[in-house]
Amino acid sequence: MKGQLPPKQPDAGPADAPRFFARRPFDYAGAALDRGQILRLQGARNDEKLTRLGYVAAVESDATTYTCAECGATFIDIATRSGHGQTRHRARALTPGEEDAHEERQEALLAQVAPLYLDKAAGAAP
Ligand SMILES: [Zn+2]
């Protein structure tokens, strides 16, 4: 801890609200979520769309989660917590070339492990 307030944590909600995890990075309730990050849906208008399109998936109520030592965010597994740490708490800034390569790897990974359910988007053929 560096004596500053931790960032707003979207998983801090009513203890009985079901937990979800982000299948891919997206912004929710003013917080930028990383892949694997735990959140509680807060009854926003688009919540239904998040599950339908595959941005989030439910977390078992007894699932073990992993907390980031730097900022307190919680994750569904160690791999996604490590990915978050490498992205958010990196010791030095990336060069523009490294940044591009990193983004390309991220997009290729997401397309493979967490594709959106675009067939379920509004307007898609039934
Ligand atoms: Zn963190």
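How many C-beta neighbours does Ala-29 have inside 10 Å, and does Ala-29 count as buried or partly exposed? In this predicted model, the number of such neighbours is 13, and Ala-29 therefore counts as partly exposed. The residue lies in the loop that links β2 (26-28) to β3 (31-33). The backbone of Ala-29 is also notable for its phi angle, which is near 50°. This value is positive, and the residue that carries it is not a glycine.

The chain as a whole contains seven strands and three helices. Read from the N terminus, the order of elements is β-β-β-β-α-β-β-β-α-α. The chain has 126 residues, and 21% of them are buried. Contacts between residues at least 6 apart in sequence were also examined, and 53% of these join residues at least 24 apart.

Three of the strands form an open sheet in the order β4-β1-β5, and the pairing is antiparallel. Strands β4 and β5 occupy the edges of the sheet. Each of these two has a single partner strand, so one side of each is left without a neighbour in the sheet. With direction ignored, neighbouring strands of the sheet are turned by 40° against each other on average. The pairing of β1 with β4 is antiparallel and rests on three bridges. Within this pair, Arg-19 has Arg-40 of β4 as its bridge partner. Strand β1 is likewise joined by three bridges to β5 (residues 56-58), again in the antiparallel sense. Here Ala-22 is matched with Val-56 of β5 as its bridge partner.

The largest nonpolar core of the chain consists of 13 residues. Those with the most contacts inside the core are Phe-20, Phe-21, Ala-22, Ile-38, Leu-39 and Val-56. Strands β1 (19-22) and β4 (38-40) each contribute at least two residues to this core. The largest share is that of β1, which provides three residues. Burial in β1 is found on both of its faces. On one side Arg-19 and Phe-21 are buried, and on the other side Phe-20 and Ala-22 are buried.

A further buried position is Phe-75, which belongs to strand β7 (residues 74-75). A residue is classed as buried when 20 or more other C-beta atoms lie within 10 Å of its own. Phe-75 has 24 other C-beta atoms within 10 Å and is therefore buried. When neighbours within four places in sequence are left aside, the contacts of Phe-75 are Gly-36, Gln-37, Ile-38, Thr-65, Tyr-66, Thr-80, Arg-81 and His-84. One of these, Ile-38, is also among the residues with the most contacts inside the largest nonpolar core. The C-alpha atoms of Phe-75 and Thr-64 are 9.0 Å apart in space, while the two residues are 11 apart in sequence.

Helix α3 (residues 96-113) contains 18 residues. At 1.5 Å a residue, a helix of this length should span 26 Å. The C-alpha atoms at its ends are 26 Å apart, which agrees with the expected span. The helix is hardly covered, since the count of buried residues among its 18 residues is zero. In contrast to α3, for which that count is zero, strand β1 has buried residues on both faces.

Methods: Residues are numbered from 1 along each chain as its sequence is written. This is a predicted model: local features need pLDDT of at least 70, side-chain atom pairs count only at pLDDT 80 or more; totals for chains, interfaces and linings use all residues. Helices (H or I, at least four residues) and strands (E, at least two) are DSSP runs, numbered from the N terminus. A residue is buried if 20 or more other C-beta atoms lie within 10 Å of its own, exposed if 12 or fewer, and partly exposed in between; C-beta atoms are placed from the backbone. Two residues are in contact if their C-beta atoms, placed from the backbone, lie within 7 Å. A nonpolar core is a set of buried Ala, Val, Leu, Ile, Met, Phe, Trp, Tyr and Cys residues joined through C-beta atoms within 7 Å. Two strands pair if DSSP finds at least two bridges between them. Axes are lines fitted to C-alpha atoms, for helices over the stretch in contact, and angles run from 0 to 180 degrees between N-to-C directions. The expected span of a helix is 1.5 Å times one less than its number of residues.
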